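Trainee: I am new to this structure and should like to go through it by question and answer. May we begin once it is in view?

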Amino acid sequence: MMTDHATPAIVPPMDRSPFRQMRERHRVQRIARGLLATSFVLLGLYTVRGFLPSLIWGVIFAIAAWPPYVAVRDRWKVRPGGILLPLLFTTAIALIFLIPMGLFALEAGREAQGVLSWADIARHTGVPVPGWLRRLPAGASAITSWWQQHLQDPDDVSELLRSFNVGRSVRMTQQVGTQVFHRGLLFVFTILTLFFLLKDGDTVTRQCLVVSRRAFGKRGETIAEQIVASIHGTVAGLVLVGLGEGALMGVAYLIAGAQHPFLFGVFTAVAAMIPFCAVIAVTLVALALLVKGTVIAALVIFCLGMAVIFFADHFVRPALIGGSTQMPFLWVLISILGGVESWSLLGLFIGPAIMSVLHLIWRNWTRDRLQDPTRIEREDIDDLPDPSLG
């Protein structure tokens, strides 16, 4: 008995061209949205280009102040998003800069008043030969003779003072005033940026994390952590160490009897934030003491300053900056000096941040993956989008 088998129906192949066209249309739309977003980002950066340094400085200050801010907020049980605690932190950070700058301005104004008084007296009585000039080990007679011919006579001093271009001095003063106003305005916007970043730091961090994972996967978070660690290490290794050097040398200047020890201490602290630049400040103070006639004090200041600078630049800073980013000393030094040359004062932080990311990429690329065959698979999985992000 033969069994009839039903002939299967022939299903015509599904026309996939509409789906292919839909995918192609979606791909074109994604590219168009990306180009549109990139265009608006570039337009936004161009619009705020004059305030970009303030925004970058605000971000740097916020990253540096975030760990102690969170510690104080948790200890005091302050609700995130409040105003009082961010205002207190912002005011404290602003005063760290404003107080030394105000004292520096007072010292500079007092010195300017002294110079004007000296110039008025010299115009009427001349400038007598200082006693230390005759005690110079070489060239004392020639310099003394020139001084007597050009500076001891009141008429010669008046002629010398009139030779200065008054109009150029006025223009220079106007330019300095304009620069001071501009820098002050940028500092105000930096403080405002810092305040809002501290106030809304949790929200901004969460949003940046979402964007980073959507754009770069979890490796983007690793790069961000490296940048943050670099800024923390740079703040500790440059700013705090520089302030410590300035405070220590300022006390030494005061004990040695140098003129204006606070002024030179602030100058030493600012110069010490750039490796090896504190040598200039210490040398100037040593020369001032030498001219004053205190040779032993000048030698002590110079030797002490060189010892402090050597210890700070070769041991303390590499440990603080390189320890947080795992960078060798040569990379740290090149990143700081190259950053200052390329980005001015911002380069103190931008340079180490860029080089720390490059060092992280280099370590990832040169890691021996044969020792851990599953690492490639884990890294590929890490690069997949997080489903929780949508």
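Trainee: How many disulfides does the structure hold?

Mentor: A disulfide is a covalent bond between the sulfur atoms of two cysteines. Here the term is applied to a pair of cysteine sulfur atoms within 2.5 Å. This is a predicted model, in which local features need pLDDT of at least 70 and side-chain atom pairs count only at pLDDT 80 or more, while totals for chains, interfaces and linings use all residues. Residues are numbered from 1 along each chain as its sequence is written, and side-chain values use heavy atoms, with hydrogens and water left out. The number of disulfides in the structure is zero.

Trainee: Is cysteine 303 buried or exposed?

Mentor: Buried means under 20% relative accessible area, exposed means over 50%, and partly exposed lies in between, with a 1.4 Å probe and protein chains only. Cysteine 208 is partly exposed because its relative accessibility is 48%. Cysteine 303 has a relative accessibility of 51%, so it counts as exposed.

Trainee: How many helices does the protein have?

Mentor: Helices (H or I, at least four residues) and strands (E, at least two) are DSSP runs, numbered from the N terminus. The protein has zero strands, and its helices number 15.

Trainee: What share of the protein's accessible surface belongs to carbon and sulfur atoms?

Mentor: Accessible areas come from the Shrake-Rupley method with a 1.4 Å probe, and for residues only the protein chains shown count as cover. Of the 390 residues in the protein, 28% are buried. The accessible surface comes to about 25900 Å², and the share of carbon and sulfur atoms is 70%.

Trainee: Which helix gives the most residues to the largest nonpolar core?

Mentor: A nonpolar core is a set of buried Ala, Val, Leu, Ile, Met, Phe, Trp, Tyr and Cys residues joined through side-chain atoms within 4.5 Å. In the largest one, of 25 residues, those touching the most other members are Trp57, Ile60, Tyr69, Leu194, Ile336, Leu348 and Phe349. Two or more residues come from each of helix 2 (52-76), helix 3 (84-125), helix 7 (166-199), helix 9 (218-256), helix 13 (329-343) and helix 14 (347-366). With eight residues, the element giving the most is helix 2.

Trainee: Which residues does leucine 348 touch?

Mentor: Contact means heavy atoms within 4.5 Å. Residues up to four places away in sequence are not counted here. The residues touched by leucine 348 are Thr234, Leu238, Met273, Ile274, Ile336 and Val340.

Trainee: How many residues does the other core have?

Mentor: This core lies apart from the largest one, and its members include Ala272, Val285, Leu289 and Ala297. Its number of residues is 14.

Trainee: Is glutamate 245 buried or exposed?

Mentor: Glutamate 245 lies in helix 9. Its contacts, leaving aside neighbours within four places in sequence, are Ala272, Ala278, Val308, Ile309, Ala312, Asp313 and Arg317. Because its relative accessibility is 5%, glutamate 245 counts as buried.

Trainee: On which residue is the kink in helix 12 centred?

Mentor: Helix 12 (residues 295-325) has 31 residues and reaches 43 Å from its first C-alpha to its last, close to the 45 Å expected at 1.5 Å a residue. That expected span is 1.5 Å times one less than the number of residues. The bend at a residue is the angle between axes fitted to the seven residues ending there and the seven starting there. The kink in helix 12 is about 40°, and its centre is alanine 312.

Trainee: How far apart in space are threonine 90 and isoleucine 191?

Mentor: Threonine 90 has its place in helix 3 and is buried because its relative accessible area is 4%. Beyond four places in sequence, threonine 90 touches Ile191, Leu194, Phe195 and Leu198. Threonine 90 and isoleucine 191 are 101 residues apart in sequence, and their C-alpha to C-alpha distance is 6.6 Å.

Trainee: Where is serine 344 found?

Mentor: Most residues other than glycine have a negative phi, and most peptide bonds are trans. Serine 344 is not a glycine, yet it has a positive phi of about 60°. Its place is the loop between helix 13 and helix 14.
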